[in-house]
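Hi,

Here is the structure I said I would pass on. Have a look at it first, and then read my notes below.

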Amino acid sequence: MAHLSTEYLTSTFMHSGNASPSTPKLQLQLSIPIPSRDRIYYHFDGNTVLLVENTLFKVHRSALTKEKSIFESMFSLDSDLRSSSCSSSSVTVGPEGESDDNPIRLQGDTADEFRSLLWALYALPHELEAAMTAKAIGLKLHNLARITHKYEFRATENWALDKLKAIYTRPMHSHADDAEGPSLVELTELASLCEQRDLLDAATARWKRRIAAKKDIALAIGMAERLNLRALLGLAYHAMLLQGRDVWDADDLLTRAQRIRLLSGHYALGRLCERLPNEPPALQHNQRCTGGVQARCNQAWAGLWRSTLDMGKQGPPLQYADVIAKLVVAETILKALVECEIPTQGLLEGMPWCKENALAATAGKLKEIQESLADYFTDVV
(Lines give C-alpha, C1' and ligand atoms only; values in the text may rest on other atoms or scores of the structure.)
Protein backbone atom coordinates (compact mmCIF):
# COMPACT_ATOMS: atom_id res chain seq x y z
CA MET A 1 0.00 0.00 0.00
CA ALA A 2 1.26 3.44 -0.92
CA HIS A 3 0.71 4.92 2.52
CA LEU A 4 3.11 2.59 4.34
CA SER A 5 6.21 4.41 5.57
CA THR A 6 8.86 1.85 4.49
CA GLU A 7 8.59 -1.23 2.27
CA TYR A 8 11.03 -3.23 0.19
CA LEU A 9 10.39 -5.24 -2.94
CA THR A 10 11.83 -8.74 -2.85
CA SER A 11 12.39 -10.69 -6.07
CA THR A 12 13.27 -14.38 -6.17
CA PHE A 13 15.09 -15.87 -9.12
CA MET A 14 15.93 -19.51 -9.93
CA HIS A 15 19.32 -20.28 -11.45
CA SER A 16 18.86 -21.31 -15.08
CA GLY A 17 20.73 -23.95 -17.01
CA ASN A 18 21.57 -27.38 -15.60
CA ALA A 19 21.34 -26.37 -11.95
CA SER A 20 20.08 -29.16 -9.70
CA PRO A 21 16.85 -28.76 -7.70
CA SER A 22 18.99 -28.32 -4.59
CA THR A 23 20.58 -25.13 -5.97
CA PRO A 24 19.73 -22.35 -3.49
CA LYS A 25 17.47 -19.58 -4.61
CA LEU A 26 19.06 -16.19 -5.35
CA GLN A 27 17.15 -13.56 -3.46
CA LEU A 28 17.68 -9.92 -4.39
CA GLN A 29 16.33 -7.33 -2.04
CA LEU A 30 15.77 -4.11 -3.94
CA SER A 31 15.93 -1.10 -1.63
CA ILE A 32 13.12 0.92 -3.14
CA PRO A 33 11.34 2.84 -0.36
CA ILE A 34 7.66 3.41 -1.04
CA PRO A 35 6.53 7.06 -0.70
CA SER A 36 4.77 7.65 2.60
CA ARG A 37 1.85 9.94 3.34
CA ASP A 38 2.64 12.89 5.56
CA ARG A 39 1.00 12.39 8.92
CA ILE A 40 -0.13 16.03 9.19
CA TYR A 41 -0.62 17.38 5.69
CA TYR A 42 -2.28 14.51 3.88
CA HIS A 43 -5.85 15.81 3.87
CA PHE A 44 -8.27 13.21 2.58
CA ASP A 45 -10.59 15.95 1.36
CA GLY A 46 -7.73 17.62 -0.52
CA ASN A 47 -7.68 17.72 -4.30
CA THR A 48 -3.95 17.73 -5.14
CA VAL A 49 -1.25 15.19 -4.32
CA LEU A 50 2.38 16.32 -4.36
CA LEU A 51 5.53 14.29 -3.84
CA VAL A 52 8.45 16.01 -2.10
CA GLU A 53 11.50 13.81 -1.55
CA ASN A 54 9.76 10.60 -0.48
CA THR A 55 6.72 12.13 1.22
CA LEU A 56 3.24 12.49 -0.23
CA PHE A 57 1.20 15.58 0.65
CA LYS A 58 -2.49 15.90 -0.21
CA VAL A 59 -3.65 19.49 -0.01
CA HIS A 60 -6.22 21.92 -1.34
CA ARG A 61 -5.22 23.83 -4.44
CA SER A 62 -6.92 26.88 -2.98
CA ALA A 63 -4.35 26.88 -0.14
CA LEU A 64 -1.44 26.92 -2.60
CA THR A 65 -2.99 29.73 -4.64
CA LYS A 66 -3.78 32.14 -1.81
CA GLU A 67 -1.01 34.39 -3.08
CA LYS A 68 0.07 35.03 -6.66
CA SER A 69 2.62 32.25 -6.44
CA ILE A 70 4.18 30.00 -9.07
CA PHE A 71 1.65 27.30 -8.10
CA GLU A 72 -1.13 29.41 -9.58
CA SER A 73 0.65 29.45 -12.94
CA MET A 74 1.49 25.75 -12.60
CA PHE A 75 -2.13 24.76 -12.02
CA SER A 76 -3.36 27.04 -14.82
CA LEU A 77 -0.92 25.45 -17.27
CA ASP A 78 -1.93 21.98 -16.06
CA SER A 79 -5.58 22.79 -16.73
CA ASP A 80 -4.77 23.94 -20.27
CA LEU A 81 -2.76 20.78 -20.96
CA ARG A 82 -5.63 18.59 -19.76
CA SER A 83 -8.08 20.34 -22.06
CA SER A 84 -5.71 19.96 -24.99
CA SER A 85 -5.12 16.28 -24.19
CA CYS A 86 -8.82 15.51 -23.95
CA SER A 87 -9.60 17.10 -27.33
CA SER A 88 -6.70 15.47 -29.20
CA SER A 89 -6.52 11.96 -27.74
CA SER A 90 -8.93 9.21 -26.85
CA VAL A 91 -6.47 7.63 -24.42
CA THR A 92 -7.43 8.22 -20.80
CA VAL A 93 -4.48 9.08 -18.55
CA GLY A 94 -4.83 9.89 -14.87
CA PRO A 95 -4.14 13.63 -14.42
CA GLU A 96 -0.96 14.49 -12.56
CA GLY A 97 -1.64 15.30 -8.94
CA GLU A 98 -4.96 13.47 -8.58
CA SER A 99 -3.64 10.27 -6.99
CA ASP A 100 -0.77 8.86 -4.98
CA ASP A 101 0.31 6.91 -8.06
CA ASN A 102 0.72 10.04 -10.18
CA PRO A 103 1.59 12.95 -7.89
CA ILE A 104 3.02 16.33 -8.84
CA ARG A 105 6.73 15.99 -8.16
CA LEU A 106 8.55 18.98 -6.68
CA GLN A 107 12.27 18.91 -7.35
CA GLY A 108 14.97 20.58 -5.25
CA ASP A 109 12.84 20.95 -2.09
CA THR A 110 12.90 19.01 1.15
CA ALA A 111 9.86 17.57 2.87
CA ASP A 112 10.60 19.76 5.90
CA GLU A 113 10.60 22.89 3.73
CA PHE A 114 7.28 21.99 2.10
CA ARG A 115 5.83 21.07 5.49
CA SER A 116 6.83 24.53 6.77
CA LEU A 117 5.05 26.13 3.80
CA LEU A 118 1.86 24.21 4.53
CA TRP A 119 2.13 25.09 8.22
CA ALA A 120 2.09 28.79 7.31
CA LEU A 121 -0.75 28.38 4.80
CA TYR A 122 -3.05 26.28 7.01
CA ALA A 123 -2.32 27.59 10.52
CA LEU A 124 -4.64 30.00 12.27
CA PRO A 125 -3.19 33.37 13.39
CA HIS A 126 -3.05 32.39 17.07
CA GLU A 127 -1.26 29.15 16.14
CA LEU A 128 1.41 31.10 14.24
CA GLU A 129 1.96 33.44 17.18
CA ALA A 130 2.14 30.54 19.63
CA ALA A 131 4.81 28.89 17.48
CA MET A 132 7.00 31.99 17.78
CA THR A 133 7.75 31.02 21.38
CA ALA A 134 9.09 27.60 20.42
CA LYS A 135 12.83 27.16 20.76
CA ALA A 136 13.26 25.55 17.31
CA ILE A 137 11.17 28.12 15.41
CA GLY A 138 14.28 29.51 13.70
CA LEU A 139 14.70 26.38 11.57
CA LYS A 140 11.03 26.33 10.54
CA LEU A 141 11.16 30.01 9.58
CA HIS A 142 14.36 29.42 7.62
CA ASN A 143 12.73 26.59 5.66
CA LEU A 144 9.64 28.71 5.13
CA ALA A 145 11.56 31.72 3.86
CA ARG A 146 13.60 29.63 1.44
CA ILE A 147 10.67 27.80 -0.14
CA THR A 148 8.40 30.86 -0.29
CA HIS A 149 11.19 32.76 -2.05
CA LYS A 150 11.47 29.96 -4.61
CA TYR A 151 7.74 29.78 -5.32
CA GLU A 152 7.13 33.53 -4.97
CA PHE A 153 4.81 33.63 -1.95
CA ARG A 154 5.94 37.22 -1.42
CA ALA A 155 3.77 38.15 1.57
CA THR A 156 4.60 34.94 3.45
CA GLU A 157 8.29 35.26 2.57
CA ASN A 158 8.41 38.81 3.96
CA TRP A 159 6.63 37.67 7.13
CA ALA A 160 9.12 34.83 7.68
CA LEU A 161 12.12 37.07 7.03
CA ASP A 162 10.81 39.71 9.43
CA LYS A 163 10.41 37.07 12.15
CA LEU A 164 13.90 35.71 11.50
CA LYS A 165 15.32 39.22 11.61
CA ALA A 166 13.60 39.84 14.94
CA ILE A 167 15.11 36.63 16.35
CA TYR A 168 18.68 37.11 15.15
CA THR A 169 19.02 40.85 15.74
CA ARG A 170 17.62 41.02 19.24
CA PRO A 171 20.27 41.68 21.90
CA MET A 172 19.12 38.84 24.15
CA HIS A 173 19.49 36.20 21.42
CA SER A 174 21.53 33.33 22.86
CA HIS A 175 24.12 31.70 20.62
CA ALA A 176 23.18 28.42 22.25
CA ASP A 177 19.81 28.80 20.52
CA ASP A 178 21.55 28.56 17.14
CA ALA A 179 21.79 24.79 17.65
CA GLU A 180 17.98 24.68 17.39
CA GLY A 181 17.90 26.80 14.25
CA PRO A 182 19.59 26.90 10.86
CA SER A 183 23.36 26.71 10.73
CA LEU A 184 25.21 29.98 10.30
CA VAL A 185 26.03 28.99 6.71
CA GLU A 186 22.33 28.32 5.99
CA LEU A 187 21.28 31.60 7.60
CA THR A 188 23.85 33.56 5.57
CA GLU A 189 22.87 31.83 2.33
CA LEU A 190 19.20 32.62 2.95
CA ALA A 191 19.88 36.29 3.74
CA SER A 192 21.96 36.58 0.57
CA LEU A 193 19.39 34.73 -1.57
CA CYS A 194 16.52 36.91 -0.34
CA GLU A 195 18.65 40.09 -0.34
CA GLN A 196 17.70 40.73 3.29
CA ARG A 197 20.38 43.23 4.38
CA ASP A 198 19.55 43.35 8.11
CA LEU A 199 19.58 39.56 8.40
CA LEU A 200 22.83 39.39 6.41
CA ASP A 201 24.40 41.96 8.73
CA ALA A 202 23.34 39.90 11.75
CA ALA A 203 24.84 36.75 10.21
CA THR A 204 28.03 38.61 9.28
CA ALA A 205 28.40 39.86 12.86
CA ARG A 206 28.30 36.24 14.03
CA TRP A 207 30.91 35.24 11.48
CA LYS A 208 33.18 38.04 12.69
CA ARG A 209 32.92 36.78 16.26
CA ARG A 210 33.78 33.25 15.16
CA ILE A 211 36.71 34.44 13.09
CA ALA A 212 38.01 36.56 15.99
CA ALA A 213 37.85 33.41 18.13
CA LYS A 214 39.82 31.54 15.41
CA LYS A 215 36.87 29.26 14.65
CA ASP A 216 35.52 28.13 11.25
CA ILE A 217 37.85 30.44 9.31
CA ALA A 218 38.22 28.14 6.31
CA LEU A 219 34.46 27.56 6.31
CA ALA A 220 33.94 31.33 6.25
CA ILE A 221 36.37 31.68 3.32
CA GLY A 222 34.53 29.11 1.23
CA MET A 223 31.10 30.53 1.98
CA ALA A 224 32.15 34.16 1.42
CA GLU A 225 33.70 33.23 -1.93
CA ARG A 226 30.57 31.37 -3.00
CA LEU A 227 28.26 34.25 -2.05
CA ASN A 228 30.71 37.02 -3.06
CA LEU A 229 30.68 38.65 0.38
CA ARG A 230 33.80 40.73 -0.15
CA ALA A 231 34.17 42.35 3.27
CA LEU A 232 33.76 39.04 5.12
CA LEU A 233 36.02 37.27 2.61
CA GLY A 234 38.88 39.70 3.21
CA LEU A 235 38.49 39.43 6.97
CA ALA A 236 38.51 35.62 6.85
CA TYR A 237 41.52 35.45 4.52
CA HIS A 238 43.43 37.91 6.71
CA ALA A 239 42.63 35.89 9.85
CA MET A 240 43.76 32.67 8.16
CA LEU A 241 46.92 34.42 6.95
CA LEU A 242 47.87 35.23 10.54
CA GLN A 243 47.43 31.58 11.56
CA GLY A 244 50.53 30.66 9.58
CA ARG A 245 51.28 28.18 6.84
CA ASP A 246 51.35 25.15 9.13
CA VAL A 247 47.67 25.76 9.90
CA TRP A 248 46.82 26.33 6.22
CA ASP A 249 48.40 23.06 5.19
CA ALA A 250 46.61 21.15 7.95
CA ASP A 251 43.14 22.53 7.19
CA ASP A 252 41.32 20.13 4.85
CA LEU A 253 38.66 22.72 3.99
CA LEU A 254 41.17 24.95 2.22
CA THR A 255 41.64 24.31 -1.49
CA ARG A 256 44.93 24.59 -3.34
CA ALA A 257 43.68 27.79 -5.00
CA GLN A 258 42.87 29.30 -1.60
CA ARG A 259 46.35 28.48 -0.29
CA ILE A 260 47.82 30.23 -3.33
CA ARG A 261 45.68 33.28 -2.54
CA LEU A 262 46.98 33.24 1.02
CA LEU A 263 50.58 33.30 -0.24
CA SER A 264 49.66 36.13 -2.59
CA GLY A 265 48.03 38.04 0.26
CA HIS A 266 51.08 37.60 2.47
CA TYR A 267 53.30 39.10 -0.20
CA ALA A 268 50.93 41.96 -1.12
CA LEU A 269 50.19 43.00 2.46
CA GLY A 270 53.88 42.79 3.36
CA ARG A 271 54.71 45.23 0.56
CA LEU A 272 51.88 47.49 1.74
CA CYS A 273 53.30 47.54 5.28
CA GLU A 274 56.65 48.63 3.86
CA ARG A 275 55.12 51.47 1.80
CA LEU A 276 52.63 52.67 4.38
CA PRO A 277 54.92 54.94 6.49
CA ASN A 278 55.78 56.97 3.38
CA GLU A 279 52.19 57.25 2.13
CA PRO A 280 50.14 59.28 4.63
CA PRO A 281 46.44 59.46 3.79
CA ALA A 282 45.07 62.74 2.45
CA LEU A 283 44.34 65.25 5.21
CA GLN A 284 41.15 67.34 5.17
CA HIS A 285 42.40 70.70 6.40
CA ASN A 286 40.61 73.06 8.76
CA GLN A 287 39.29 76.29 7.19
CA ARG A 288 41.92 78.28 9.08
CA CYS A 289 44.72 76.14 7.65
CA THR A 290 45.52 77.85 4.32
CA GLY A 291 48.46 78.93 2.18
CA GLY A 292 51.90 78.48 3.70
CA VAL A 293 50.37 77.25 6.94
CA GLN A 294 48.75 74.36 5.04
CA ALA A 295 52.08 73.40 3.46
CA ARG A 296 53.70 73.23 6.90
CA CYS A 297 50.71 71.29 8.16
CA ASN A 298 51.10 68.68 5.40
CA GLN A 299 54.79 68.32 6.23
CA ALA A 300 54.02 67.92 9.94
CA TRP A 301 51.29 65.38 9.14
CA ALA A 302 53.68 63.26 7.08
CA GLY A 303 56.13 63.21 9.97
CA LEU A 304 53.41 62.45 12.51
CA TRP A 305 52.05 59.60 10.37
CA ARG A 306 55.49 58.03 10.03
CA SER A 307 56.24 58.47 13.73
CA THR A 308 53.01 56.83 14.92
CA LEU A 309 53.64 53.80 12.69
CA ASP A 310 57.21 53.57 14.00
CA MET A 311 56.00 53.83 17.62
CA GLY A 312 53.83 50.80 17.01
CA LYS A 313 56.95 48.74 16.35
CA GLN A 314 58.08 49.41 19.91
CA GLY A 315 55.01 47.78 21.42
CA PRO A 316 53.97 44.11 21.30
CA PRO A 317 55.44 42.29 18.28
CA LEU A 318 53.24 42.43 15.18
CA GLN A 319 53.34 39.92 12.38
CA TYR A 320 55.01 41.09 9.19
CA ALA A 321 51.86 41.35 7.06
CA ASP A 322 49.38 42.36 9.77
CA VAL A 323 48.65 45.80 8.36
CA ILE A 324 45.34 46.01 10.25
CA ALA A 325 47.04 45.61 13.66
CA LYS A 326 49.67 48.17 12.68
CA LEU A 327 47.01 50.74 11.78
CA VAL A 328 44.98 50.02 14.91
CA VAL A 329 48.09 50.68 17.04
CA ALA A 330 48.86 53.85 15.06
CA GLU A 331 45.29 55.10 15.53
CA THR A 332 45.49 54.42 19.29
CA ILE A 333 48.78 56.30 19.61
CA LEU A 334 47.54 59.24 17.57
CA LYS A 335 44.37 59.48 19.65
CA ALA A 336 46.46 59.52 22.82
CA LEU A 337 48.66 62.31 21.36
CA VAL A 338 45.70 64.43 20.28
CA GLU A 339 43.99 64.06 23.66
CA CYS A 340 47.31 64.76 25.47
CA GLU A 341 47.29 61.41 27.21
CA ILE A 342 50.97 60.97 26.30
CA PRO A 343 53.68 63.61 25.67
CA THR A 344 53.39 65.06 22.17
CA GLN A 345 57.17 65.60 21.86
CA GLY A 346 56.49 68.45 19.45
CA LEU A 347 54.84 66.20 16.87
CA LEU A 348 51.65 68.29 16.73
CA GLU A 349 53.21 71.76 16.70
CA GLY A 350 53.14 72.11 12.91
CA MET A 351 49.40 71.40 12.66
CA PRO A 352 47.59 73.45 15.33
CA TRP A 353 44.12 73.30 13.68
CA CYS A 354 44.14 69.88 11.99
CA LYS A 355 44.90 67.46 14.83
CA GLU A 356 41.36 66.06 14.94
CA ASN A 357 41.38 65.80 11.14
CA ALA A 358 44.56 63.73 11.32
CA LEU A 359 42.80 61.28 13.62
CA ALA A 360 39.88 61.07 11.18
CA ALA A 361 42.28 60.46 8.27
CA THR A 362 43.89 57.57 10.15
CA ALA A 363 40.52 56.00 10.94
CA GLY A 364 39.52 56.43 7.30
CA LYS A 365 42.67 54.67 6.09
CA LEU A 366 42.05 51.77 8.46
CA LYS A 367 38.48 51.40 7.20
CA GLU A 368 39.59 51.63 3.56
CA ILE A 369 42.09 48.78 3.94
CA GLN A 370 39.67 46.65 5.96
CA GLU A 371 37.02 46.96 3.24
CA SER A 372 39.49 46.16 0.45
CA LEU A 373 41.31 43.25 2.14
CA ALA A 374 39.85 40.70 -0.28
CA ASP A 375 41.60 42.46 -3.19
CA TYR A 376 45.01 41.50 -1.80
CA PHE A 377 44.22 37.76 -1.91
CA THR A 378 44.38 36.95 -5.61
CA ASP A 379 45.41 33.93 -7.65
CA VAL A 380 48.71 35.54 -8.67
CA VAL A 381 51.67 35.32 -6.30
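To start with the whole chain: of its 381 residues, 39% are buried. Keep in mind that this is a predicted model. The secondary structure adds up to 15 helices and six strands. If you take contacts between residues at least 6 apart in sequence, 61% of them link residues at least 24 apart. The chain exposes about 21300 Å², and 52% of that comes from carbon and sulfur atoms.

Next, the largest pocket. Its space comes to about 660 Å³. Which residues lie nearest its centre? Those are Lys208, Ile211, Ala231, Leu235 and Leu373, out of a lining of 26 residues. Four helices each contribute at least two residues to that lining: H8 (197-212), H10 (230-243), H14 (323-338) and H15 (355-371). By residue class, the lining splits into 13 nonpolar, six polar and seven charged.

While you have helix H15 on screen, look at lysine 365, which sits in it. Is this lysine buried or exposed? Lysine 365 counts as buried, because its relative accessibility is 16% and the cut-off for buried is under 20%. Setting aside neighbours within four places in sequence, lysine 365 is in contact with Leu276, Pro281, Trp305 and Leu327.

Leucine 64 is another one to click on. This leucine is in helix H1, which covers residues 61-64. With a relative accessible area of 0%, leucine 64 is buried. Once its neighbours within four places in sequence are left out, what is leucine 64 in contact with? The list reads Leu50, Val59, Ser69, Phe71, Phe75, Phe114, Leu117, Leu118, Leu121 and Phe153. For one of those partners, leucine 118, I also have a C-alpha separation from leucine 64: 8.3 Å, with the two positions 54 residues apart along the chain.

Then there are two glutamates with backbone angles to check. Glutamate 53 has a positive phi of about 55°, though it is not a glycine. Where does glutamate 53 sit? You will find it in the loop between strand S4 (48-52) and strand S5 (55-59). Glutamate 53 is exposed, because its relative accessible area is 51% and exposed means over 50%.

Glutamate 152 also has a positive phi, of about 65°, and is not a glycine either. Its place is the loop between helix H5 (137-151) and helix H6 (154-169). At 34% relative accessibility, glutamate 152 counts as partly exposed, because that value falls between the 20% and 50% cut-offs.

Last, the cysteines. How many disulfides does the model have? The count is zero, going by a limit of 2.5 Å between the sulfur atoms of a pair. As for surroundings, cysteine 194 is buried, with a relative accessible area of 12%. Cysteine 340, on the other hand, counts as exposed at 61% relative accessibility.

If you open the model with all this to hand, I would begin at the pocket and its lining from helices including H14 and H15, then go on to lysine 365 in helix H15, and leave the loops with glutamate 53 and glutamate 152 for the end.

Cheers

Terms used:
Residues are numbered from 1 along each chain as its sequence is written. This is a predicted model: local features need pLDDT of at least 70, side-chain atom pairs count only at pLDDT 80 or more; totals for chains, interfaces and linings use all residues. Side-chain values use heavy atoms; hydrogens and water are left out. On a 1 Å grid over the protein atoms alone, a cavity is a set of points where a 1.4 Å probe fits but cannot get out, and a pocket is an open set with protein on both sides within 12 Å along at least five of seven lines; lining residues have an atom within 4 Å of a point. Grid points are joined across faces, edges and corners, and a volume is the space filled by probe spheres set on the points. Ala, Val, Leu, Ile, Met, Phe, Trp, Tyr, Cys and Pro count as nonpolar, Asp, Glu, Lys and Arg as charged, and the others, Gly among them, as polar. Buried means under 20% relative accessible area, exposed over 50%, partly exposed in between (1.4 Å probe, protein chains only). Contact means heavy atoms within 4.5 Å. Accessible areas come from the Shrake-Rupley method with a 1.4 Å probe; for residues, only the protein chains shown count as cover.
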